[in-house]
Amino acid sequence: MAPDGALKQPDDGTLVSRVMNVIRDRIGTRNLLAGDRLPSIRGFARQMKVSNSTVVEAYDRLVAEGVIQARRGSGFYVAPHTAPLSIARIGPKLDRAIDPFWVSRQSLDARPDMLKPGCGWLPADWMPETAIRRALRSLSRADDATLVDYGTPLGLASLRHFLSRRMAGYGIDAHPDHLLLTESGTQAIDMLCRFLIAPGDTVLVDDPCYFNFQALLRAHRANIVGVPFTENGPDVDAFARIAATTKPRLYITNSGLHNPTGASLSPMVAHRVF
């Protein structure tokens, strides 16, 4: 039996591409981290059972892609900005049938000193604390009706007018009376689900996705189908195949600073999806 990682003559690609994929896998699964030194050309060639020139070409192509960097007289190193953790590359496949409601409770009940990497909460020192305190002081001086009465169901009129102007700058015609403010993105998605889907309808989510999406969709008794997620967004070819067979009513994602991978949806992928 060939040693672990050794390559036989491929049937579906070149030896160079196979070597490149091994390096990509190691980076994607965090076996190689940003700044780590790659195996030497001769050592990796022996390990993979290929020629030195094959590894040289594979490394050169990865350098051209920005995945790794060459340092004269030192070797090759993982680029400082690596792709987000690739759950799909980690094997063997793990049982991921978890209870998202349990995850939600654990994240919200956790002590303040505990890290919450899956929640997507920004650190306190990233927030506009001064502006928030100033706004709260201003609000405390408002008239009684502002403090204790119910407001319009659409949300604060001045904020809706502001958002309408901002959206117009992006070519989106949205009248303030056609905007509805929600307390959170989760509440907005919940309202859309109430309006658009019925129990049993298929909804596509990223794989992996924000755990709260799973909890919300289970509450609506939706049929949840995952689409493999890459460093640039959903796998478009897989998305097309899954959409054609499942006929989904919705696709739910968070396009910027994707939770939990940290990736952002690229304009090219967004155009192909939508």
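**Close-up views of a predicted model**

**Figure 1. Burial and fold content of the protein chain.** Of the 274 residues in the protein chain, buried residues make up 30%, in a model that is predicted rather than determined by experiment. The secondary structure of this chain comes to 11 helices and 6 strands. When contacts between residues at least 6 apart in sequence are considered, 56% of them join residues at least 24 apart. The chain exposes about 18500 Å², and carbon and sulfur atoms supply 56% of that area.

**Figure 2. A nonpolar patch on the surface of the protein chain.** Leu-122, Trp-126, Met-127, Ile-132, Leu-136, Leu-139, Leu-147 and Val-148 together make a nonpolar surface patch of about 830 Å². Two or more residues of the patch come from each of the elements α5 (129–140) and α6 (144–148), and α5 gives the most, with 3 residues.

**Figure 3. Leu-122, a patch member in a loop.** Leu-122 is placed in the loop between α4 (100–109) and α5. With a relative accessible area of 48%, Leu-122 counts as partly exposed, because that class lies between the limits of under 20% for buried and over 50% for exposed.

**Figure 4. The cavity found in the structure.** A search of the whole structure finds 1 cavity of 30 Å³ or more, and about 40 Å³ of space lies in the largest cavity. The lining of the largest cavity consists of Pro-234, Tyr-251, Thr-253, Asn-254, Ser-255, Leu-265, Val-273 and Phe-274.

Technical notes
Residues are numbered from 1 along each chain as its sequence is written. This is a predicted model: local features need pLDDT of at least 70, side-chain atom pairs count only at pLDDT 80 or more; totals for chains, interfaces and linings use all residues. Side-chain values use heavy atoms; hydrogens and water are left out. Helices (H or I, at least four residues) and strands (E, at least two) are DSSP runs, numbered from the N terminus. Buried means under 20% relative accessible area, exposed over 50%, partly exposed in between (1.4 Å probe, protein chains only). Contact means heavy atoms within 4.5 Å. Accessible areas come from the Shrake-Rupley method with a 1.4 Å probe; for residues, only the protein chains shown count as cover. Patches are made of residues with over 30% relative accessible area and no salt bridge: like charges are joined within 9 Å, nonpolar side chains (Val, Leu, Ile, Met, Phe, Trp, Tyr) within 5 Å. A salt bridge is a side-chain nitrogen of Lys or Arg within 4 Å of a carboxyl oxygen of Asp or Glu. On a 1 Å grid over the protein atoms alone, a cavity is a set of points where a 1.4 Å probe fits but cannot get out, and a pocket is an open set with protein on both sides within 12 Å along at least five of seven lines; lining residues have an atom within 4 Å of a point. Grid points are joined across faces, edges and corners, and a volume is the space filled by probe spheres set on the points.
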